[in-house]
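Me: I've got this one open on my screen and would like a close look at a single part of it. Could you pick up at the spot I point to below, then walk me outward from there?

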Amino acid sequence: MKVVLFCGGYGMRMRSGAADDVPKPMAMVGPRPLIWHVMRYYAHFGHTEFILCLGYGAHHIKDFFLNYEETTSNDFVLRGGRTELLSTDIADWTITFAQTGIESPIGERLRRVRHHLDGDEMFLANYADVLTDAPLDEMIDRFARRDAGASMMVVPPQSSFHCVDLGEDGLVGGITAVSELPLWENGGYFVLRQEVFDHIPENGDLVADGCAQLAKRGRLVAHQHRGFWKPTDTVKERAALDTAYAQGDRPWAVWERDTAGARA
């Protein structure tokens, strides 16, 4: 199944300065950028055809893959001055690089790569900046059995703040952590059918337009995930993931589980 990745936004909250033009999906987590971790996740489940919706800082993403070094994340043997890889990351990947505009909203980026989907009835989509250990195969299977136009992974609220229940007299009736409220957030992992394009206008948004209209028609389903899910909207969040990676605490790296089992 083809995977559409939205990786053309400015990522202003991730930038460290005015001269920093690296798009958010290229922020590093360990020896590889975020976008690689997301793609590796999909590849683990057998989905290796990627369509990258490029925009701001596109040359960084292109250069990374055009000059890809397999030895950075794979074991190898150096014999007679030649490198013999013991495993590879992207040898079986097909990656389409599509410029979708600097200012384009997510829905418009999706519209502009529709022809690259080759008419496939179902496809996957992702913001390319959120990591998870969600069971993708289960998410797809559930959606395939449903008569719906889109599936959105949802997660509990991630905020560490508290909500305050106020009475008319200003007295506090209760305090509740946002994470404990009966609410769900958009988790950024989508399984879509071509039907979604019927509800995204020119320069529209995937969620505010496409998914919202499908929801009104009873055509949107949610996959609830309470496991690992971490966004990287800020430098602090990216740094926390980088630290976790260095400490070997990387539950999103589902592809490492089979390798660990084989070594054991």
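Take alanine 222: is it buried or exposed? And which residues does it touch, leaving aside its neighbours within four places in sequence?

Reply: Alanine 222 counts as exposed, because its relative accessibility is 52% and the cut-off for exposed is over 50%. Bear in mind that this is a predicted model. The residue is part of strand S14, which runs over residues 220–224. Once its neighbours within four places in sequence are set aside, alanine 222 is in contact with Met152 and Val154. For a distance in that general direction along the chain, take aspartate 147: it is 75 residues from alanine 222 in sequence, and the two C-alpha atoms are separated by 13 Å.

Now the setting. The chain has seven helices and 15 strands. Its radius of gyration is 20 Å, close to the 18 Å that the globule rule gives for 264 residues, so the chain is as compact as a globular protein of that length. Along the principal axes, the C-alpha trace spans about 80 × 45 × 45 Å. Of the contacts with a separation of 6 or more, 74% are between residues 24 or more positions apart. Buried residues make up 45% of the 264, and the accessible surface comes to about 13500 Å², with 49% of that belonging to carbon and sulfur atoms. As for charge, there are 27 positive and 37 negative charges, and their mean positions are 2 Å apart.

For a contrast with alanine 222, go to H1. Ten of the eleven residues of this helix are buried, so H1 is largely enclosed by the rest of the structure. The buried ones include Trp36, His37, Arg40, Tyr41 and Tyr42. Just after the helix, glycine 46 takes a positive phi of about 95°. A little further on is threonine 48, in the loop between helix H1 (34–44) and strand S4 (49–54). Threonine 48 has a relative accessible area of 17%, so it is buried, the cut-off being under 20%. Leaving out residues up to four places away in sequence, threonine 48 touches Ala43, Asp92, Trp93 and Thr94; Ala43 is itself one of the buried residues of H1.

Follow the chain past S4 and you come to tyrosine 56, in the loop between S4 and helix H2 (58–66). Tyrosine 56 is buried too, with a relative accessible area of 13%. Tyrosine 56 and tryptophan 229 are 173 residues apart in sequence, and their C-alpha atoms are 25 Å apart in space.

There are two backbone oddities to look at. Most residues other than glycine have a negative phi. Alanine 128 has a positive value instead, near 65°. Alanine 128 sits in the loop between strand S8 (122–126) and strand S9 (130–132), and with a relative accessible area of 0% it is buried. The other is asparagine 203, with a positive phi near 60°. Asparagine 203 lies in the loop between strand S13 (185–193) and helix H5 (206–216), and it is partly exposed, at 47% relative accessible area.

That loop between S13 and H5 also holds glutamine 194. Glutamine 194 is buried, with a relative accessible area of 12%. Apart from neighbours within four places in sequence, the residues in contact with glutamine 194 are Arg114, Leu117, Gly119, Asp120, Glu121 and Phe123. So a single loop has a buried glutamine 194 and a partly exposed asparagine 203.

Finally, go to helix H7 (residues 255–263), where you'll find glutamate 256. Glutamate 256 is partly exposed, at 27% relative accessibility. Its side chain makes a polar contact with the side chain of arginine 250, at 3.1 Å. Leucine 166 is 90 residues from glutamate 256 along the chain, and their C-alpha atoms are separated by 48 Å.

Back to where you started: alanine 222 counts as exposed at 52%, and from S14 it is in contact with Met152 and Val154.

Conventions:
Residues are numbered from 1 along each chain as its sequence is written. This is a predicted model: local features need pLDDT of at least 70, side-chain atom pairs count only at pLDDT 80 or more; totals for chains, interfaces and linings use all residues. Side-chain values use heavy atoms; hydrogens and water are left out. Helices (H or I, at least four residues) and strands (E, at least two) are DSSP runs, numbered from the N terminus. The radius of gyration is taken over C-alpha atoms; the globule rule is 2.2 Å times the number of residues to the power 0.38. Buried means under 20% relative accessible area, exposed over 50%, partly exposed in between (1.4 Å probe, protein chains only). Contact means heavy atoms within 4.5 Å. Accessible areas come from the Shrake-Rupley method with a 1.4 Å probe; for residues, only the protein chains shown count as cover. Lys and Arg count as positive and Asp and Glu as negative; His and the chain ends are not counted. The place of a charge is taken as NZ of Lys, CZ of Arg, CG of Asp or CD of Glu. A polar contact is a pair of N or O atoms within 3.5 Å; within protein, one must be able to donate a hydrogen and the other to accept it, and residues adjacent in sequence count only if both atoms are side-chain atoms.
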